[in-house]
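This report sets out the main structural features of the protein chain shown below. It begins with the cysteines and then turns to charged pairs, one helix and the chain as a whole.

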Amino acid sequence: TRIRQTTALVAFGSDFAGTVTANPFRRTRNRRVTDACGTAAISADGDGLTYWPLAEILRTDVGIMDSDRAGTIREKATVLFGSTIAKLVDCQLTKGLEHAQNFVRRAEEWRDDEAALMAYTAAVIANFFLGRLEQASELVALVSARYNPREHGKLVQIYQHDPLIVSLVYSGHIEWLLGRPGRARECCVTARQLANEIGHPF
């Protein structure tokens, strides 16, 4: 189950972080730790798990945000997305927005569609919870413009979140709050249809 997977990943990250010492393999170890922690943060979202262990892991000196040095773009994106979600769930909303904005900047520098989609999605959530509805709506539009079901429909298997479904759900909230219930319903219906197609609720 996702809860067992998350628990295992958090345990791995905690144990492994303590073994990281200065040696030629440190970057590889850092990458393994941060990838596990990022994946754990993503997997735990929505399961009602306590986030303080993740927050502690993400604060350890394992290069969590120093992701320009090593690792693939996907590995970096996993860590950056997971750390952003962890901050938001831990109610560190301003910090979460900073992480999301940093993720967006890096993804655009990398010119990678997958990373950009996940960065925009993280930024949608962060902006929404800070009441920045206009900015969140603009980011939803960016996700909708870039998302290709054939290319990106399997991202949910990596990040546990589908960027378009998540963006549409939050767009539905935004439209409702702005007094446009018809458009809110359209967003939710579209999100549900896509969720049925890919077999994942979000």
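## Cysteines

In this predicted model, a search of the whole structure returns zero disulfides. A disulfide is a covalent bond joining the sulfur atoms of two cysteines. Cys-187 takes part in no disulfide, and the nearest cysteine sulfur, belonging to Cys-188, lies 6.6 Å away. Likewise, Cys-188 is in no disulfide, its nearest cysteine sulfur being that of Cys-187 at 6.6 Å. Because a disulfide requires the two sulfur atoms to be within 2.5 Å, a separation of 6.6 Å does not qualify.

The two residues can also be described by their accessibility. Cys-187 has a relative accessibility of 12% and therefore counts as buried, the limit for that class being under 20%. Cys-188, at 41% relative accessibility, counts as partly exposed.

## Salt bridges

The structure contains six salt bridges. In general, side chains of opposite charge can pair when their charged atoms come close. Among the six is the pair Lys-95 and Glu-98, whose side chains meet with an N to O distance of 3.6 Å. These residues belong to helix H5 (residues 93-110); because they are three residues apart there, about one helical turn separates Lys-95 from Glu-98. Both partners are partly exposed: Lys-95 has a relative accessible area of 39%, and Glu-98 has a relative accessibility of 42%.

Helix H5 also holds Glu-109 and Arg-105, which are four residues apart, about one turn of the helix. Their side chains form a salt bridge at 3.1 Å, N to O. Arg-105 is partly exposed, with 40% relative accessibility.

## A network around Glu-175

The side chains of Arg-180 and Glu-175 meet in a salt bridge with an N to O distance of 2.5 Å. Salt bridges that share partners link Glu-175, Arg-180 and Arg-183 into one network. Are Arg-180 and Glu-175 buried or partly exposed? At 6% relative accessibility, Glu-175 counts as buried, whereas Arg-180, at 32%, counts as partly exposed.

## Helix H6

Helix H6 comprises 17 residues, numbered 113-129. At 1.5 Å a residue, a helix of this number of residues should span 24 Å, and the end C-alpha atoms of H6 are 25 Å apart, so the expected and modelled spans agree. Of the 17 residues of H6, 15 are buried, so the helix is largely enclosed by the rest of the structure.

Features can be described at both ends of this helix. At the start of H6, a side-chain oxygen of Asp-112 comes to within 3.2 Å of the backbone nitrogen of Glu-114. H6 is followed by Gly-131, which has a positive phi, near 75°.

## The chain as a whole

The protein chain has eleven helices and zero strands. Its pattern along the sequence is accordingly written as α-α-α-α-α-α-α-α-α-α-α.

Of the 202 residues in the protein chain, 48% are buried. Among contacts with a separation of 6 or more, 63% are between residues 24 or more positions apart. The protein chain exposes about 10400 Å², of which carbon and sulfur atoms supply 51%.

Conventions. Residues are numbered from 1 along each chain as its sequence is written. This is a predicted model: local features need pLDDT of at least 70, side-chain atom pairs count only at pLDDT 80 or more; totals for chains, interfaces and linings use all residues. Side-chain values use heavy atoms; hydrogens and water are left out. Helices (H or I, at least four residues) and strands (E, at least two) are DSSP runs, numbered from the N terminus. The expected span of a helix is 1.5 Å times one less than its number of residues. Buried means under 20% relative accessible area, exposed over 50%, partly exposed in between (1.4 Å probe, protein chains only). A polar contact is a pair of N or O atoms within 3.5 Å; within protein, one must be able to donate a hydrogen and the other to accept it, and residues adjacent in sequence count only if both atoms are side-chain atoms. Contact means heavy atoms within 4.5 Å. Accessible areas come from the Shrake-Rupley method with a 1.4 Å probe; for residues, only the protein chains shown count as cover. A salt bridge is a side-chain nitrogen of Lys or Arg within 4 Å of a carboxyl oxygen of Asp or Glu.
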